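Open the model in your viewer and keep the selection panel at hand. The tour goes stop by stop.

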Amino acid sequence: MSAAAIRAELAELADDARAAGMARYFQVRPGGYGEGDRFLGIAVPPQRAIARRHAAGTSLADVDDLFGSPWHEERLTALFVLVRRFEKADDGERARIVELYLARRDRVDNWDLVDASAPYLLGPWLLDRGELDGPLLDELAGSDSVWDRRIAVMATFAGVRAGHPEATLRIADRLLTDPADLVHKAVGWMLREVGNRDPARAEAFLGPRYARMPRTMLRYAIERFPAERRRDYLAGRV
């Protein structure tokens with residue numbers, strides 16, 4: 001009953017006017033990165049609250065059911081449930097959660113869905129198993145799917161937070177000239193997080209590469225640098 005209960009609570013919060021704005025923001029138009037997605041028009045905090053209330057009683061079959069929904073918020077709430085379940089799970093259940101996540105990642109098909117899940121599910125799972133530098137992230141980084149590639153980048157956040165940015169730097173190097181703006185932003189964001197913790201290491205990575213980086217990626221990566229240093233990078237004086 002949990003999938004049905006979650007759907008019912010979300011339906012009560014639906015807002016057509018907000019949904020129209022979200023559809024524009026997430027580019028559901030033909031040719032947009034979110035083409036074909038549908039929105040109920042619900043803010044994130046109520047979805048998190050619903051996930052908190054239902055996480056303990058929601059089976060993985062319920063989550064799988066929600067992943068099949070055409071509604072963006074149902075899929076996002078399903079991911080919030082998975083993250084909460086993962087945080088409290090033993091190794092066996094964590095393995096089942098990650099297996100489901102990877103099997104249904106075709107439904108993790110917008111940047112907010114990726115960012116709400118990859119750093120908190122796949123990343124910690126790989127980190128705990130010593131596999132952030134294993135083949136899975138390379139496989140995802142080589143995918144034709146922009147969402148797989150963003151998952152590969154965002155999963156490495158777990159390593160950055162733990163003081164091990166090697167996977168971030170490796171995947172960033174691989175995706176340095178990726179064609180997708182949403183990958184540029186994710187890579188730049190993760191490089192910024194590396195720099196927040198270890199500026200020298202971030203600059204050692206950027207120095208021989210920044211001239212080849214897409215401008216958006218570079219701007220994200222150097223956002224927290226001192227103003228004069230940012231100007232040097234943007235002017236090509238480093």
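How many nonpolar, polar and charged residues does the lining of the largest pocket have? The lining has 10 nonpolar, 2 polar and 5 charged residues. Keep in mind that this is a predicted model.

**Stop 1: the largest pocket**

Show the pocket surface. The volume of the largest pocket is about 270 Å³. Now select Phe-26, Val-44, Leu-76, Trp-111 and Asp-112: of the 17 lining residues, these are the closest to the pocket centre. Next, colour the helices that contribute to the wall. Helix H2 (16-25), H3, H5 and helix H7 (111-115) each give two or more residues to this lining. H5 supplies the largest share, 4 residues.

**Stop 2: helix H3**

Select residues 44-54, which form helix H3. Which of its residues are buried? Pick Gln-47, Ala-49, Ile-50, Ala-51 and His-54; these are buried. Now show what lies over them. The cover of the buried H3 residues includes helix H1 (2-12) and helix H5 (72-88). H5 is thus a helix to leave displayed: it covers buried residues of H3 and also lines the largest pocket.

**Stop 3: Gln-27**

Move to the loop between H2 and H3, where Gln-27 is found. Check its backbone. Gln-27 has a positive phi of about 55°, although it is not a glycine. Is the residue buried, exposed or partly exposed? Gln-27 counts as partly exposed because its relative accessible area is 25%, between the 20% and 50% cut-offs. Keep Gln-27 selected, as it also lines the pocket at the next stop.

**Stop 4: the second largest pocket**

This pocket has a volume of about 210 Å³. Select its lining: Gln-27, Tyr-33, Trp-111, Val-146, Arg-150, Ala-180, Asp-181, Leu-182, Lys-185, Trp-189 and Tyr-220. By class, these residues divide into 7 nonpolar, 1 polar and 3 charged. Trp-111 deserves a label here. It belongs to this lining and is also among the residues closest to the centre of the largest pocket. Which helix gives the most to the lining of the second largest pocket? H13 does, with 4 residues. Helix H10 (146-155) and helix H13 (181-197) each supply at least two.

**Stop 5: the two domains**

Zoom out and colour by domain. Domain 1 covers 1-107 and domain 2 covers 118-237. Their C-alpha centres lie 26 Å apart. The contact takes 12 residues from domain 1 and 13 residues from domain 2. Between the domains, the buried area is about 1,200 Å². Carbon and sulfur atoms give 77% of that area.

**Stop 6: Ala-158 and Ala-162**

Select Ala-158 in helix H11. Its relative accessibility is 4%, under the 20% cut-off, so Ala-158 counts as buried. Which residues does Ala-158 contact, leaving aside neighbours within four places in sequence? Show Pro-119, Gly-123, Pro-124 and Leu-127. For a longer ruler, draw a C-alpha to C-alpha distance from Ala-158 to Gly-36: the two are 31 Å apart in space and 122 residues apart in sequence.

Then step to Ala-162, in the loop between helix H11 (157-161) and helix H12 (166-174). Ala-162 has a relative accessible area of 41%, so this residue is partly exposed. Finish with one more distance. The C-alpha atoms of Ala-162 and Leu-127 are separated by 8.8 Å, with their positions 35 residues apart along the chain.

Conventions
Residues are numbered from 1 along each chain as its sequence is written. This is a predicted model: local features need pLDDT of at least 70, side-chain atom pairs count only at pLDDT 80 or more; totals for chains, interfaces and linings use all residues. Side-chain values use heavy atoms; hydrogens and water are left out. Buried means under 20% relative accessible area, exposed over 50%, partly exposed in between (1.4 Å probe, protein chains only). Contact means heavy atoms within 4.5 Å. On a 1 Å grid over the protein atoms alone, a cavity is a set of points where a 1.4 Å probe fits but cannot get out, and a pocket is an open set with protein on both sides within 12 Å along at least five of seven lines; lining residues have an atom within 4 Å of a point. Grid points are joined across faces, edges and corners, and a volume is the space filled by probe spheres set on the points. Ala, Val, Leu, Ile, Met, Phe, Trp, Tyr, Cys and Pro count as nonpolar, Asp, Glu, Lys and Arg as charged, and the others, Gly among them, as polar. Domain bounds come from an automatic or database domain assignment. Buried area is the accessible area (1.4 Å probe) that two parts lose on being put together, summed over both.
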